[in-house]
Amino acid sequence: MATGTDQVVGFGLVAVSLIIFTYYTTWVILLPFIDSQHAIHKYFLPRAYAILIPLASGLLLLLLVGLFITYVMLKSRRATKKAQ
Amino acid sequence: MLKLTQWLWGLGLLDSAWAALTMGALDLELSFPCQEVLWPLPAYLLVSAGCYALGIVGYSVATFHDCEDAVRELQSQILEAQADLTRNGLCF
């Protein structure tokens, strides 16, 4: 078994992914079959957010990846220009 | 290219099935909860695939064995290589 921080980080990631998965599954799949007067509905945002939040975070991720690529390319071009 | 085209075909089929069901092109009388579940289904599949990938990565990080012998051998080889190179004139 891996030691120390490796285990903490690894199992932390597993826990985070399980939490997100169960919350999202309950939100998308289970809630429509539950009576709208039930108390559980107050723990979940309005249904439109079930699509908006993943979409927005996906776009944000793409933006960050693009910025990182731009930064790396600019740095390499400046390095080659200085070497000339 | 074969695997990519297979994936694209499969995804295209799923997407067209989902589009046909959501736009009511098949004239099925689906109950309201079924429609509510069907509408976010592609986003749900994407999110669950992402969660699965994250979970697998986390689990692999947590269960990767430390190789004590390999670490020691590698470090001794690094020292040996450093000594050899400095002897032959390379400055670190």
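Reader: Which residues of chain A does UniProt list for "transmembrane region"?

Author: The model discussed here is predicted. For chain A, the label "transmembrane region" comes from an unreviewed UniProt entry. The residues listed there are 12-34 and 49-74.

Reader: How far apart are the end C-alpha atoms of residues 49-74 of chain A, and what percentage of the chain there is helix?

Author: Strand accounts for 0% of residues 49-74 of chain A. The other listed span, residues 12-34, is 83% helix, with its end C-alpha atoms 31 Å apart. For residues 49-74 the end C-alpha atoms are 37 Å apart, and the helix content is 100%.

Reader: Which residues of chain A form a nonpolar patch on the surface?

Author: One of the patch residues, A:Y71, lies in helix 2 of chain A, which covers residues 49-83. Together the patch residues have about 700 Å² of accessible area. They are A:L61, A:V65, A:F68, A:I69, A:Y71, A:V72 and A:M73.

Reader: What area is buried between chain B and chain A, and what percentage do carbon and sulfur atoms give?

Author: At this interface, 20 residues of chain B are in contact with 21 residues of chain A. Across the interface of the two chains, zero salt bridges are found. The buried area is about 2,000 Å², and carbon and sulfur atoms give 77% of that area.

Reader: Which side chains in helix 4 of chain B meet in a salt bridge?

Author: Over all chains, the structure holds two salt bridges. Side chains of opposite charge can pair when their charged atoms come close. In helix 4 of chain B, two residues lie three residues apart, about one turn of the helix. Their side chains meet at 2.8 Å, N to O, and the residues are B:R72 and B:D69.

Reader: Why does the distance between the end C-alpha atoms of helix 4 of chain B agree with its number of residues?

Author: Helix 4 of chain B has 20 residues, 68-87. At 1.5 Å a residue, this helix should therefore span 28 Å. The distance agrees with that expected span, as the end C-alpha atoms are 29 Å apart.

Reader: Which residue takes a positive phi just after helix 4 of chain B?

Author: The phi angle in question is about 105°. The residue that takes it is B:G89.

Reader: Which residues of chain B does UniProt list for "transmembrane region"?

Author: UniProt also places the feature "signal peptide" on chain B, at residues 1-19, in an unreviewed entry. The span listed for "transmembrane region" is 100% helix, with end C-alpha atoms 28 Å apart. That span is residues 43-62.

Note on methods:
Residues numbered from 1 in each chain as written. Chains lettered and ligands numbered in written order. Predicted model: local features only at pLDDT ≥ 70, side-chain atom pairs only at ≥ 80, totals over all residues. Heavy atoms only, no water. Patch = residues over 30% accessible without salt bridge, like charges linked within 9 Å, V, L, I, M, F, W, Y side chains within 5 Å. Areas by Shrake-Rupley, 256 points an atom, 1.4 Å probe, with all protein chains shown as cover. Salt bridge = Lys/Arg side-chain N within 4 Å of Asp/Glu carboxyl O. Helix = DSSP H or I, 4+ residues; strand = E, 2+ residues; numbered from the N terminus. UniProt positions renumbered as here; feature names shortened; annotations may be inferred. Expected span 1.5 Å × (residues − 1). Contact = heavy atoms within 4.5 Å. Buried area = accessible area lost by both parts, 1.4 Å probe.
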